[in-house]
Amino acid sequence: MSPVLLEIKDGIAFITLNRPEKFNAFNREMALLMQEKLDACKTDTVRCVYITGAGKAFCAGQDLAEVVDPNGPGMQRILSEHYNPIVTRIRELEKPVLAAVNGVAAGAGANLAICCDIVIAAKSASFIQAFSKIGLIADTGGSFFLPRLVGWQKASALMMLGDKVPADEAERIGMIYKFYEDNSFIAESERLADKLACMPTMALYLIKKELQWSSTHTLYEQLQNEDKLQQRAAQSSDYKEGVAAFLEKRQPVFKGK
Ligand code: LHQ
């Protein structure tokens, strides 16, 4: 079986991390395949990307057996060739990416989840900044996203101590959007993906962009950025449809254009 599965259905690209016996830990083959699958999501027929894990875990981060393998990729290549290109692709995809965290997400697996646009989790899932426990620092964008999500102090403690954060606490501290009971998680997460896939995709992409820019710009610059991006949104046919549907008192039918 392939270590990363991709199925495109009704505008949603379902990406499943698929090494369940290793808790979906990433080795080189899997990391390169993940990049390929994300590239395949660039097509217009995909309007929402849904990332989840096969089996009990979401993703246990780097496969630690590979880091001690003399034939493995070696420390110098793991971030630059594996994780950084994955995070970059997720951030640059012009559509929403939903992390559906079905189980434990540790190390690079936790940070793969929190770099996504919306993160939801099953009640029994958890998040662990596992890096310090093996003498490493947080990577895969964690030092960027975590303090922005939960604040500097909480991020600092979680990154240093490597505490396990259960899904309900992750929601409470703003690390994720929502958690759902285990028995309704798949249905709820698919409902959310369906909703996103029927929304005005261009606007969602531009929201992603304005949020990203907000982390590196002043208020004055950001007001100009909003102006620029709003002009683009206003040129979309979905904008015209949204306004027309409102005025005609009907449900809009967005095409993602
Ligand atoms: C695994 C792993 C795993 C291999 C579970 N590897 N097999 C960047 C730069 C360069 C180098 C290093 O890494 C990075 C980025 C990173 O991601 S660093 C952080 C790497 N990840 C970790 O340190 C997490 C290690 N795993 C764990 O702490 C636990 O397995 C967690 C908390 C995820 C789950 O605990 P349990 O529920 O008790 O499950 P388990 O430990 O029994 O694991 C289940 C199986 O999965 C087991 O296999 P086995 O054959 O013994 O049943 C584990 O060996 C395997 N597994 N994580 N990262």
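Trainee: How many residue pairs are in polar contact across the interface of domain 1 and domain 2?

Mentor: Good place to start! This is a predicted model, and six residue pairs, both partners at pLDDT 80 or more, are in polar contact across that interface.

Trainee: Which elements give two or more residues to the side of domain 1 that touches domain 2?

Mentor: Two helices do so: H3 (75-92) and H5 (142-150). H3 gives the most, with three residues. By residue class, that side of domain 1 has six nonpolar and seven charged residues, and no polar ones.

Trainee: Which residues form a salt bridge, and how far apart are the closest N and O atoms?

Mentor: Asp117 pairs with Lys208, with 2.8 Å between the closest N and O atoms. Across the interface of the two domains, the rule finds one salt bridge.

Trainee: Let me step back to the layout. Where do the domains lie along the chain?

Mentor: Domain 1 covers 4-197, and domain 2 covers 201-247. Their centres, taken over C-alpha atoms, are 26 Å apart. Domain 1 brings 13 residues to the contact, and domain 2 brings six.

Trainee: Now for size. What area do domain 1 and domain 2 bury between them?

Mentor: The general idea is that interface size is often given as the accessible area lost when the parts come together. Here, domain 1 and domain 2 bury about 830 Å², with 51% of it on carbon and sulfur atoms.

Trainee: Which residues in domain 1 lose the most area to domain 2?

Mentor: Look at Arg47, Arg91 and Glu94: together they account for 52% of what the domain 1 side buries.

Technical notes:
Residues are numbered from 1 along each chain as its sequence is written. This is a predicted model: local features need pLDDT of at least 70, side-chain atom pairs count only at pLDDT 80 or more; totals for chains, interfaces and linings use all residues. Side-chain values use heavy atoms; hydrogens and water are left out. Domain bounds come from an automatic or database domain assignment. Contact means heavy atoms within 4.5 Å. Buried area is the accessible area (1.4 Å probe) that two parts lose on being put together, summed over both. A salt bridge is a side-chain nitrogen of Lys or Arg within 4 Å of a carboxyl oxygen of Asp or Glu. A polar contact is a pair of N or O atoms within 3.5 Å; within protein, one must be able to donate a hydrogen and the other to accept it, and residues adjacent in sequence count only if both atoms are side-chain atoms. Helices (H or I, at least four residues) and strands (E, at least two) are DSSP runs, numbered from the N terminus. Ala, Val, Leu, Ile, Met, Phe, Trp, Tyr, Cys and Pro count as nonpolar, Asp, Glu, Lys and Arg as charged, and the others, Gly among them, as polar.
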